[in-house]
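Trainee: I am new to this structure and would like to go through it with you step by step. Could we begin once it is in front of us?

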Amino acid sequence: MKFVCDGMILSDAALTVSKACAVKTITPILECIKLHAENDGLTLTAYDGEISIEKKILAEVLEEGECCINGKTFADFVGKISAFEVVITSVDNGVSIRYADSESFMQALPSTDFPRFGDRSTEGKNYFECKESALKNLIAKTVFCCATDESRPILKGCLLEAKDGALSATALDGFRMAYSFCEAGEGSGQMKLVCPARTLTEISRMLDSDDDLKIYADKNMLSVAVQDTVITSRLYAGEFVRKENIFPIAFTTKVTVKRAELIESVERASVLIRGDKNNLITFEISLGKILITANSEMGKVEETVSADLDGKELKISMNGKYLQDALKALDDENIVMSFNTAVTPFTIENAGGGNNQYLVLPVRTGTQN
């Protein structure tokens, strides 16, 4: 294998693909990027057992071939030589990397050990379609609510449902839930799948236009292609929690408040509870106002925010971070928080309605029944 390419283009491709390199694995080949030089291009591929990222770039191929090289090391190194034209040549047990008047060597592994991952052909596969910008926004509004621990693996993913001209996303981690939807284009019918949050995050990083995007799914695999980059990912199997079974259908207390003012107040209160296990903030909701309090060994915050109350007065405690995340994901000037009791889930949404809704479990304190 021998090829010549622009260092900046190679660096960008290696950095993109290296996101799918495994870390802390007993299988060294999964830490690698496979370089495949053929015809007039170079294909870089990484796969960590769950997600695969493949990117094609232009290169002058002097000798076709392929090899595998540690992805993180390669991406870091070529990032330091991106200003030069780069010549990479296969040599015994590795590759020679020449740039300007210098030459370096990196060890490599045989490409025959690199695992083949799924069928990248889209022919005959089911798909749904939406705007790139709409999908990027949908991911941003929900993925932060996905679980990060392994106790219930399916909750590390986001439920995507395409039906009746809409694409919806639902995410939860056992303490909070996010729901959002956007308009969907043509597709091959109704689809429902649970995609890893990490996969959605990597897909989001590729999206920067308002072009139409097709998302293909077949059995337990999902595939998305944006320009010269293809992401292929395993999907989670199992039954996902249904939004309809979690979100309350009626409330006894609704309060409307200016979003910016509430965010600022909650952020100030959060400073003193930073590091506490529950990040506990308490709301005392009464006619015309919300009294926001937070206590810790560092001190106490007590602030009042103007609000319009519809229903019963209420005192309720919650995790301040979960509240902040939801508030920052909304975008109306005013938001509505809806409650029933101090120990049952409450919802947060834009006052004007819209496509996003959040649910948070309150924190039970010693003064609550």
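Trainee: Let us start with a single residue: is R242 buried, partly exposed or exposed?

Mentor: Bear in mind that this is a predicted model, and that buried means under 20% relative accessible area while exposed means over 50%. The relative accessibility of R242 is 22%, so with these cut-offs R242 counts as partly exposed.

Trainee: Which residue does the side chain of R242 meet in a salt bridge?

Mentor: The contact is computed from a side-chain nitrogen to a carboxyl oxygen, with 4 Å as the limit. For R242 the N to O distance is 3.5 Å. The partner has a relative accessibility of 53% and counts as exposed, and that partner is E244.

Trainee: How many salt bridges does a search of the whole structure find?

Mentor: Some belong to a network, as with D173, R176, K321 and D325, which are linked by salt bridges. Another joins K131 and D212 at 3.1 Å, N to O. For the whole structure, the search gives a total of 15.

Trainee: How many residues apart are K131 and D212?

Mentor: Both residues of this salt bridge are partly exposed, K131 with a relative accessible area of 36% and D212 at 49% relative accessibility. K131 belongs to strand β10, residues 126-131, and D212 to strand β15, residues 212-218. The pair thus links distant parts of the chain, and the separation is 81 residues.

Trainee: Which residue of the salt bridge between K141 and D331 is buried, with a relative accessible area of 9%?

Mentor: The two side chains meet at 3.5 Å, N to O. K141 lies in helix α3 and D331 in the loop between α6 and β24, so the salt bridge ties together parts that are 190 residues apart in sequence. D331 has a relative accessible area of 47%, which makes D331 partly exposed, whereas the buried residue, with 9%, is K141.

Trainee: Turning to the strands, which are the edge strands of the open sheet of four strands?

Mentor: The order in this sheet is β21-β20-β19-β23, and the pairing is antiparallel. An edge strand pairs on one side only, and this holds for the strands at residues 299-306 and 314-319. These edge strands are β21 and β23.

Trainee: How many bridges join strand β19 to strand β20?

Mentor: Strand β19 covers residues 280-286 and strand β20 residues 289-296, and the two run antiparallel. One of the pairings can be named, since the bridge partner of S286 in β20 is K289. The number of bridges joining these strands is five.

Trainee: What angle does helix α5 make with β21?

Mentor: Helix α5 is formed by residues 259-272 and lies across β19, β20 and β21. By comparison, α6 packs on the sheet by touching β19 and β23, and its direction makes about 90° with that of β23. For helix α5 and β21, the angle is about 175°.

Trainee: Finally, what volume does the largest cavity have?

Mentor: Two cavities of 30 Å³ or more are counted. The largest cavity has a lining that includes F128, L135, I139 and C195, and the elements that give two or more residues to this lining are α3, α4 and β16. Its volume comes to about 50 Å³.

How values were computed:
Residues numbered from 1 in each chain as written. Predicted model: local features only at pLDDT ≥ 70, side-chain atom pairs only at ≥ 80, totals over all residues. Heavy atoms only, no water. Buried < 20%, exposed > 50% of the residue type's maximum accessible area, 1.4 Å probe, protein only. Pairing = 2+ DSSP bridges. Contact = heavy atoms within 4.5 Å. Axes fitted to C-alpha atoms, helices over the stretch in contact; angles between N-to-C directions. 1 Å grid on protein atoms, 1.4 Å probe; cavity = no way out; pocket = protein on both sides within 12 Å on 5 of 7 lines; lining within 4 Å. Points joined across faces, edges and corners; volume = space filled by probe spheres on them.
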